[in-house]
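Please examine the structure shown below together with its sequence. The paragraphs that follow lead from charged pairs of side chains to the protein as a whole.

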Amino acid sequence: MKRLVSLIVGLLAVCGLLAYTGHQLQASNGSTGSKVLNLYNWGDYIDPHLLTKFQKETGYHVNVETFDSNEAMYTKINQGGTHYDLAVPSEYMVAKMKRAHLLQPLDKSRLTGLQNYDSQFLNQTFDRGNRYSLPYFWGTLGIIYNDKFIKPGSIRHWNDLWSTKYRDRIMLIDSARDIMGMALASQGKSMNTTDPTTLRAAEQKLNRLAPNVKATVADEIKMYMTQNEAPLAVDWSGEAAEMLANNDHLHYVVPSEGSNLWIDNLVIPKTAQHTNAIYAFLNFMSRPDNAAQNAEYVGYATPNRTAKTLLPKATRDDQQFYPDATTLRHLEVYRDLSPTKVQLYNDLYLEFKMHH
């Protein structure tokens, strides 16, 4: 009898564990309850106080799951089995997700804050008419330098990095598209070119930069630069903002001859389930006060024109992160290239990395 009771208790325990595990799996895939919003976002890319504020105002609880690359986000959504209500892909990935039929179109009749966005971040080539996306943050690719080692104002253009006086002094972000793009821009070429001859010429120019490259890394750049262990780096504006906040000797430059303009966006995956929560959140984040608060927390530039006016004057007038109109005209949004062309970029970039 004791064995039978033990068996029954054991079975009940297993059933309870399976039920709990199933609930946890559902939660991780964004499918618990009707008063929730399941957000799939980059890490530390929203002010947590805003999430609390949103819940208090609307009653919707936000579940946040994070990813560390556009490709990881795409793979998970494409594989199915998830029910994210909103995701935050970059511009080229929006185009790729559209082509793969992974997105729902926006219902513009339910959006109340479209008028707050700066028109230069709308109607981009990756999503004409913003049928599927709303801009979330934007930024640039540029050069960070330390005025303890580099004379202020002496770094203004990509070609300055090729000077022999910077031997073994430059940190590069480990990104094929960005570093190849930098070389292309330095030669007056489009950062979206797919011409093999032009790309090989860019790789050959990068090879001449190799003696100046101290390391090609990712997050480590922030440590090297903030601790004065390297005088120069090529990185994204958001990363630069964090570095500058931790070291007064650092400066960020967007070369006026051309660079990348990236735009991260809010989109609705095709399997999203909580429509009311989705539009409540989109409208909440489109409000200037909330967009400004988020920009101050994250450190990236806001595409919300009205929100920008609410930022401290020193922030909104800082041309390091809000470049002037002339520089903006020379910035390019990356286009989503075919797998063959992406592989060509990657192969040439790998050849360059083998030179240092």
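A salt bridge is a side-chain nitrogen of Lys or Arg within 4 Å of a carboxyl oxygen of Asp or Glu. Side chains of opposite charge can pair when their charged atoms come close. The model considered here is a predicted one. One pair that meets the definition is E239 with K222, whose closest N and O atoms are 3.3 Å apart. E239 belongs to helix α8 (residues 237-246) and K222 to helix α7 (residues 220-226), so this salt bridge ties together parts that are 17 residues apart in sequence.

Are these two partners buried or exposed? A residue counts as buried when its relative accessible area is under 20%. E239 has a relative accessible area of 12% and is therefore buried. K222, at 19% relative accessibility, also counts as buried.

A second salt bridge joins E57 and R287, with the closest N and O atoms 2.9 Å apart. This pair links distant parts of the chain, for its members are 230 residues apart. E57 is found in helix α2 (residues 48-58), whereas R287 is in the loop between α9 (275-286) and α10 (288-298). The term partly exposed applies to values between the 20% limit for buried and the 50% limit for exposed. E57, with a relative accessible area of 44%, is partly exposed, and R287 is likewise partly exposed, at 29%.

R287 has a further partner in D289, and here the closest N and O atoms are 3.3 Å apart. D289 counts as partly exposed, with 35% relative accessibility. Through salt bridges that share partners, K53, E57, R287 and D289 are joined into one network.

The view may now be widened to the whole structure. How many salt bridges does a search of the whole structure find? The search finds 10. The protein has 36 positive and 36 negative side chains, and the centres of these two sets lie 4 Å apart.

The secondary structure comprises 14 helices and 11 strands. Along the principal axes, the C-alpha atoms fill a box of roughly 85 × 50 × 40 Å. Of the 356 residues in the protein, 50% are buried. The exposed surface of the protein is about 16700 Å², of which carbon and sulfur atoms supply 53%. Among contacts between residues at least 6 apart in sequence, 76% join residues at least 24 apart.

Definitions and conventions
Residues are numbered from 1 along each chain as its sequence is written. This is a predicted model: local features need pLDDT of at least 70, side-chain atom pairs count only at pLDDT 80 or more; totals for chains, interfaces and linings use all residues. Side-chain values use heavy atoms; hydrogens and water are left out. Helices (H or I, at least four residues) and strands (E, at least two) are DSSP runs, numbered from the N terminus. Buried means under 20% relative accessible area, exposed over 50%, partly exposed in between (1.4 Å probe, protein chains only). Contact means heavy atoms within 4.5 Å. Accessible areas come from the Shrake-Rupley method with a 1.4 Å probe; for residues, only the protein chains shown count as cover. Lys and Arg count as positive and Asp and Glu as negative; His and the chain ends are not counted. The place of a charge is taken as NZ of Lys, CZ of Arg, CG of Asp or CD of Glu.
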